[in-house]
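Please open the structure in your viewer and keep the selection tool at hand, since each stop on this tour begins with something to select.

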Amino acid sequence: MRSFLTGLAAFAVTFLLAHFVVLSALPGQIMSKVRERMADSGIPLHSWTMSPRMTPQTQTVVRPSPDLAYAICLIDVSEGPVELSVPAWPEYGSLSIFEADTDNVYAGSVDARAEGATGMRRVIVALEGQDLDEYGEAEQVIVSKPEALALIRRLAPSQAAYEAAAALIPASRCAPL
């Protein structure tokens, strides 16, 4: 009976450690590695950067859609809130924000056909406790750690549509306030 209880205790301890590693530590490590690879590839902090048009040769992430144009912005709110503004797109488009532990904390449409769509989606990203009163009607996203990542996806199944999506990047903003 004693060896059974010892085995059961060893199993429980191993299960709890595995649970902690998989659910708590691993996502943060994955996001940290992704941010590091992006920075090493030249993606600057606080600036929208278009990914190349997805083809089997340009695919660096598992399963990106070849019909979407992607733009990414690395965010650090340790010095204060960061503003994201993204022009609407005539077809499907979205803006997502991912926290340092890979949690998707925001998803909004940039589809101009959507009900209530405006010409520009504006989101303020901040840490809890940072003053957001002066930013008025902008949507606000509170993240738990300073590092985050924003992603724009626009339906762009042709080279011309991809180029039209890329032409919107200069009108987009990802910058500290």
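**A pocket and its charged neighbours**

In this predicted model, begin with the second largest pocket, which is lined by 18 residues, with Gly 116, Ala 117, Thr 118, Met 120 and Arg 121 lying nearest its centre. Its volume is about 220 Å³, and its lining divides into eight nonpolar, four polar and six charged residues. Colour strand E3 (82-87) and strand E6 (120-127), each of which supplies at least two residues of this lining; E6 gives the most, with three residues.

Stay with Arg 121 and add Glu 139, whose side chain meets that of Arg 121 in a salt bridge (2.5 Å, N to O). This pair links distant parts of the chain, as Arg 121 is in strand E6 and Glu 139 in strand E7 (residues 139-143), 18 residues apart. Arg 121 is partly exposed at 22% relative accessibility, and Glu 139 is partly exposed at 30%.

Next select Glu 83, Arg 122 and Arg 173, which are linked in a network of salt bridges. Then move to Arg 113 and Asp 111, whose salt bridge has its closest N and O atoms 2.8 Å apart; here Arg 113 is exposed, with a relative accessible area of 59%, whereas Asp 111 is buried, at 10%.

Finally, turn to helix H1 (residues 2-40), where Phe 15 lies. Phe 15 helps to make a nonpolar surface patch of about 830 Å², together with Met 1, Phe 4, Leu 5, Leu 8, Phe 11 and Leu 16. Further along your selection, Glu 36 and Lys 33 form a salt bridge (3.8 Å, N to O), and both lie in helix H1, three residues apart, about one turn of the helix.

Methods:
Residues numbered from 1 in each chain as written. Predicted model: local features only at pLDDT ≥ 70, side-chain atom pairs only at ≥ 80, totals over all residues. Heavy atoms only, no water. Patch = residues over 30% accessible without salt bridge, like charges linked within 9 Å, V, L, I, M, F, W, Y side chains within 5 Å. Areas by Shrake-Rupley, 256 points an atom, 1.4 Å probe, with all protein chains shown as cover. Salt bridge = Lys/Arg side-chain N within 4 Å of Asp/Glu carboxyl O. Helix = DSSP H or I, 4+ residues; strand = E, 2+ residues; numbered from the N terminus. 1 Å grid on protein atoms, 1.4 Å probe; cavity = no way out; pocket = protein on both sides within 12 Å on 5 of 7 lines; lining within 4 Å. Points joined across faces, edges and corners; volume = space filled by probe spheres on them. Nonpolar A, V, L, I, M, F, W, Y, C, P; charged D, E, K, R; others polar. Buried < 20%, exposed > 50% of the residue type's maximum accessible area, 1.4 Å probe, protein only.
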